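Subject: Structure handover and notes

Dear colleague,

I am passing on the structure we discussed, with the sequence alongside. Please look through it first, and then read the notes below.

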Amino acid sequence: MTSDDRSKGMVMVLSGGVGGAKLVLGFANLLEPDGVLVVANTADDFHHLGLHIAPDIDTIVYTLSGKVDRDRGWGLKDETWTFMDALARLGGEIWFNLGDGDLAMHVERTRRLAAGASLTEVTTGLSVALGLRVRVLPMSDDPVSTIVSTPGGPLAFQHYFVRDRCAPRVDGFCFRGLEQAQPNPIIMQNLDAGRIAAVVIAPSNPFVSIDPILGLPGLREALFGVPGPRIAVSPIVGGAAIKGPAAKMMEELGMPVTAAAVARHYAGFVDAMIIDRLDEDQADDIRSLGMEVVVTQTVMRSLNDRKALAADCMALVKAFAGR
Ligand code: FO1
C-alpha cells in the first residue's frame, strides 16, 4: 500500500452531541460527503412521553443541516414552545424541553421505529429529508443506556444531565445493554472493506459520549485494523470543559482536569492527541504516553475554526500515511 492509498478512504468521526457536532461540521465543509462517516453516541437516548429521543444524533443532524440553535447547541433555531406550555398547563412532565419543531423529529422517529425500521434506517431517512449529504450513523441499532452512579443511587443519563443539571456527584458510569449490543453493521462493513482511513475522536465527553462507542463488542479491536491514525481532540482546554460536565466528572472521579488526563484515558488506543495552545505545557507529558501531539487552536467559535480543526486532523492523517 502506498502512502497515498493509506490517507485515502473515509475518516470515521466518533462523536457525542454539541462539541463533537462542531468538528463534524468542520469535516463536512472540508471533505467530500463520502470522505467522512459520522458515528453518533446513542447511549444518551431515552424514551420520554412515549417518544424515542436521540439527542446526539439530532444535535449532529441539526448542526449539519444548519438548523441547530447555536446558542443552546441542541434543538432547532427559531423554535416555538407551544407544546411545552400546553403540557405545563396540564401538569405534565416538563423537565425535558421539546420544542414544537423538534417534536416532529421524535414523533416521526418513533413512528418509523414502531413500523419496524432500524435506528440506522430512520436516521438515514430523516437526515436525507433534511438535506444531509454526510452519513450519520447511530453507534448501534440496539438499545444502550448510560446510567450515572451517584451517592443518592443510580440515575438515568438525562435525569442526571437535564433534570438534575449535573448536580449529583458522579461515582462512575455503567452502560446498560452495551455487552449485548452489536456495533452498527454499516460501520463494521466499512471497516472490513478497508474503506476507513483514520479515526477521529471528536472533543466530546470521554466518559459518557465516547466510552459507550468504544465499548461496543468488537468495535475497539476492529478500529485497531484501520491503516491510519486514531486521533483524539481534547475536550478539556485550560482546565475546563468547553461544554458540558466533563470537567466536573473528572474532578469527582479523582482525575486532574487536564488534556493530559484525557490522553491517559485514551492511552493504548489513540496514536495522536490534538490539544489546545493553552495546554502546550502538557505536550511532553502526553508524548511520554507514546502519543504524538499536535498543539493548535481547538476552541471552535466560527465555521472557519471548525474547518481549521478538521484540517489539522487531516494533516495528521497525511503525516502518518507518509511514514
Ligand atoms: N439539554 C438540556 O440541557 N435541557 C433540555 O431540556 C434538553 C432538551 C433536549 C431535547 C432534545 C434534544 O435532542 C436534546 C436536548 N437537550 C437538552 C440536550 C441533551 O440532553 C444533551 O445535549 C445530550 O444528551 C448530552 O450530549
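In what order do the 3 strands of the antiparallel open sheet lie? Bear in mind that the model is a predicted one. The order is β7-β6-β8, with β7 and β8 as the edge strands, each pairing on one side only. On average, and with direction ignored, neighbouring strands of this sheet are turned by 30 degrees against each other.

Strand β6, residues 145–150, is joined to β8, residues 172–176, by 5 bridges in the antiparallel sense, and within this pairing V148 has F173 of β8 as its bridge partner. Towards β7, residues 153–156, strand β6 makes 4 bridges, again antiparallel, and here I147 is partnered by A156 of β7. Strands β6 and β7 form a hairpin, with 2 residues between them.

The other sheet to look at is an open one of 7 strands with parallel pairing, in the order β5-β2-β1-β9-β10-β13-β14. Its edge strands, each of which pairs on one side only, are β5 (135–138) and β14 (292–296), and the twist from one strand to the next averages 25 degrees. Within this sheet, β1 (residues 10–15) and β9 (residues 196–201) pair in the parallel sense over 5 bridges, and L14 stands opposite I201 in β9.

Helix α9, residues 206–214, deserves a look in both settings. On the 7-stranded sheet, α9 packs so as to touch β1, β2 (36–40) and β9, and its direction makes about 125 degrees with that of β1. Helix α9 also lies across β6 and β8, where it runs at about 40 degrees to β8.

Turning to the ligand, the residues around it are D44, P55, D56, W74, F96, N97, D102, F157, Q158, F161 and V162. Of the contacts that involve oxygen atoms of the ligand, one places a polar side-chain atom of D56 at 3.0 Å from such an oxygen. An N or O atom in the side chain of N97 is 2.8 Å from an oxygen atom of the ligand, and a polar side-chain atom of Q158 likewise lies 2.8 Å from a ligand oxygen. Taken alone, the ligand exposes 530 Å², of which the protein buries 89%.

Finally, a word on the aromatic rings. A pair of such rings is described by the distance of the centres and the angle of the planes. With a limit of 6.5 Å between ring centres, the count comes to 7 aromatic pairs, and one of them is formed by F46 and F96. The centres of F46 and F96 are 4.9 Å apart and their planes stand at 80 degrees, an edge-to-face arrangement. Because F46 lies in strand β3 (residues 46–48) whereas F96 lies in the loop between α4 (82–89) and α5 (100–114), the pair ties together parts that are 50 residues apart in sequence. F96 is also among the residues around the ligand, and you may like to view the ring pair and the ligand together.

With best wishes

Methods. Residues numbered from 1 in each chain as written. Predicted model: local features only at pLDDT ≥ 70, side-chain atom pairs only at ≥ 80, totals over all residues. Heavy atoms only, no water. Pairing = 2+ DSSP bridges. Axes fitted to C-alpha atoms, helices over the stretch in contact; angles between N-to-C directions. Contact = heavy atoms within 4.5 Å. Near = heavy atom within 4 Å. Polar contact = N/O pair within 3.5 Å; in protein donor to acceptor, adjacent residues only side chain to side chain. Areas by Shrake-Rupley, 256 points an atom, 1.4 Å probe, with all protein chains shown as cover. Phe/Tyr/Trp six-rings, centres within 6.5 Å; stacked < 30°, edge-to-face > 60°.
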